[in-house]
Amino acid sequence: MSHRLSALLSPSSVALVGASNNPARIGGMPLDLLRHFGYAGQVYPVNPKYDEVFGFTCYPDIESVPSAPELAVLAIGAQDVTGMLRRCHARGVKAAIVYAAGFAEMGGEGERLQAEMEAFVADSGMVVAGPNCMGFANLNLNLYTAFASVFRAVPRQETPGRVSLVTQSGNVCSAVFALLREQGIPVSHFINTGNEACVEYAEYLEFLAQDKNTDCVVGYVEQLRNGERFIDVALQFAEADKPLILYKVGETEKGSEAVRSHTSALAGNQALYKAGLQQLNVIQSNDFAQMADLAMLSGFRHRAGGKRVAIMTLSGALGAILADKFIGAGLDIPTLPADVQQTLRDGIPDYGMVSNPIDVTGNIVNNPDFVRSVFEALAQTDSIDTVVVYASGSLLDRMADPLLDICARYPRLFVAIDTGKATCRDKLAAGGVPVFTDIGRAVQALSPFCHWLAGREQVARWAALRQSSVAVESHQLERLNEYQTKQLLGRFGVPAVAEQPAASAEEAVTAAQAIGYPVVLKILSADIAHKTEAGGVKLRLQSDDEVRSAFAEIMESAGRYDPQATLDGVLVQKMSAGIAELIVGVTHDEVFGPALTVGLGGVLTELYRDVSHRLLPVDESFARDMLGELKAFPLLDGFRGRPKADVDAACKAIAAVSAASARLGSAADEIEVNPLQVKAVGEGTAAVDALLLSKITG
């Protein structure tokens, strides 16, 4: 594979500057590991104090090594790093790893040292990892450039690695690596990114997405520095059918404080992180053991599975427990069709359950042929996606052969839970059936994995939509008041309530007569976003005199509120109502770029915070998914006899806001329609208020 990071992660030769003969020191441990595990490439320790280190010839300086190494590992102080990088570059070294701390994470002088290093890298084009990083390991090459004792503490890897680990914390990297190896999961790459001064997280992921020895990545993230690149890479993982499993820290205020102090990075918008990762079908984890379990499950990703789960047990109580836990974790336990239930009832006593969960009772162990028919019925029905079999110890052993036979004949994902000591675990895993030994861990891992299996089609559809929706950078946007904003959005398909601008009281009266009473008057100014606070809104006006009086009061109040504001008069609107009100807004996130928020609108928006987020673009189908995620969606769907809302029209309006954002590009910092009135079926929608903030208006 040809990639910019190949010299960093798969070099044919390595120099270690600052070499030590002590395996406990950071300059000695990598050399000890390279010798112990038998790295086949050239190794050049560099330190004038030694002639030989761990059996390798040691050289006094980088200029003395017999040939230019592809990679240099710098185990030296922060103040000496950039000077040594210059010397390495002059010697022909392509890439370097900087162990040293004391850079931007320390502030002050450290920030200056990091800026100096970054300037050198930008000028030279050298690939430099870190600083403040533990280093790497390519276990398939027996290449260890990390000062981590964990490699000697776990069982030696005997099979080629398939799971890669990339984290923004060295300690997390070691902890998760140990858990992976305890489960016997073979690891390909061990990567700790450090400060990411010159190589950021998404670029490592890009290398791994293309790496033929990586079919799953487990990662720990504090902050993404290049959201656009991350989106591209996540879609590469989806296209390659490689699970990307990430633990994103910073969910709480204290967690975010720890992130800032640890790597000088700020935690991003957590709600958007969560929604964006879900949209990209990235598996989100919140526990190290769960990450290892998910990596194990990734080896079974070619089985056909999804969120609709059938549970088969030999105990009604265990069936109920598992059903509660899976439903609580967001999976579905559908009732099986009548024909499947009848097949099951042929061999299950009346006191056993057949609807789902399925309680086959202990009698089934005496009838192995019926076990096979149960598995076959569950493998064939279209009503479920995944089958979970709970059987402990010898009971699972008795079921193993028919289960393996069915899995060889059908693609459906079967998962076993054994809380005893079944001897068939390895045989089942080899035959395509993952085995868990703990109910809690099974539920915690299976839920996100089944969602990933089910999300593959949707992320492919979004990738295609994104590719076809090329943003066109707008020319300079003028400052727009509410009426002008709605006129602009209307060109993309966002309908507005009946309204007319008025520069004088008499124009307002004429507009009100044309629209029809009752009407609303609102201050019209690009400088006043919060009209109510400015005393700039008058509701339920019923006559010409009320309109004249309201016009005067609004203009006076708005002038006092902001004497510098340009006042364009008022906007006269038809007083109207709908089945529900939505907020539809686009913001430009500092990590992910343009993102859409849909939620319960009007005055209740900030109170209930009932919202759904998506990265743009969004079409009508994705808009429907967003509405369906709202707790308030029943209000649109005829809750307790209420009229049903025009959801189709709402979806069109939401998609139109997305289209407007794409056309306007980054010139439009923020677009908001609040509220968007959703009327009864067939009556459409209407934007009652709208706001556009541009790069120019700020």
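1. The chain exposes about 28,700 Å² of surface, and carbon and sulfur atoms supply 49% of that area. Please keep in mind, while reading this and every point below, that the model is a predicted one.

2. On overall dimensions, the C-alpha atoms of the chain fill a box of roughly 100 × 80 × 40 Å when the box is taken along the principal axes. The chain has 698 residues, of which 56% count as buried.

3. The secondary structure of the chain comes to 23 helices and 29 strands. If we consider the contacts in the chain with a separation of 6 or more, 72% of them are accounted for by residues 24 or more positions apart.

4. One pair of helices can be followed in detail, namely helix 7, which covers residues 201-210, and helix 8, which covers residues 227-239. The two pack at an angle of about 20°, and their axes lie 9 Å apart. Because angles under 35 degrees count as roughly parallel, helix 7 is described as roughly parallel to helix 8. The crossing of these two helices, helix 7 and helix 8, is left-handed.

5. Where the two helices meet, helix 7 contributes Ala-202, Glu-203, Leu-205, Glu-206, Leu-208, Ala-209 and Gln-210, while helix 8 contributes Arg-229, Phe-230, Val-233, Gln-236 and Phe-237. Sorted by class, this contact of helix 7 with helix 8 has seven nonpolar, two polar and three charged residues.

Key
Residues numbered from 1 in each chain as written. Predicted model: local features only at pLDDT ≥ 70, side-chain atom pairs only at ≥ 80, totals over all residues. Heavy atoms only, no water. Axes fitted to C-alpha atoms, helices over the stretch in contact; angles between N-to-C directions. Helix = DSSP H or I, 4+ residues; strand = E, 2+ residues; numbered from the N terminus. Parallel < 35°, antiparallel > 145°, perpendicular 65-115°, else oblique. Left-handed = near helix turned anticlockwise from the far one by under 90°. Contact = heavy atoms within 4.5 Å. Nonpolar A, V, L, I, M, F, W, Y, C, P; charged D, E, K, R; others polar. Buried < 20%, exposed > 50% of the residue type's maximum accessible area, 1.4 Å probe, protein only. Areas by Shrake-Rupley, 256 points an atom, 1.4 Å probe, with all protein chains shown as cover.
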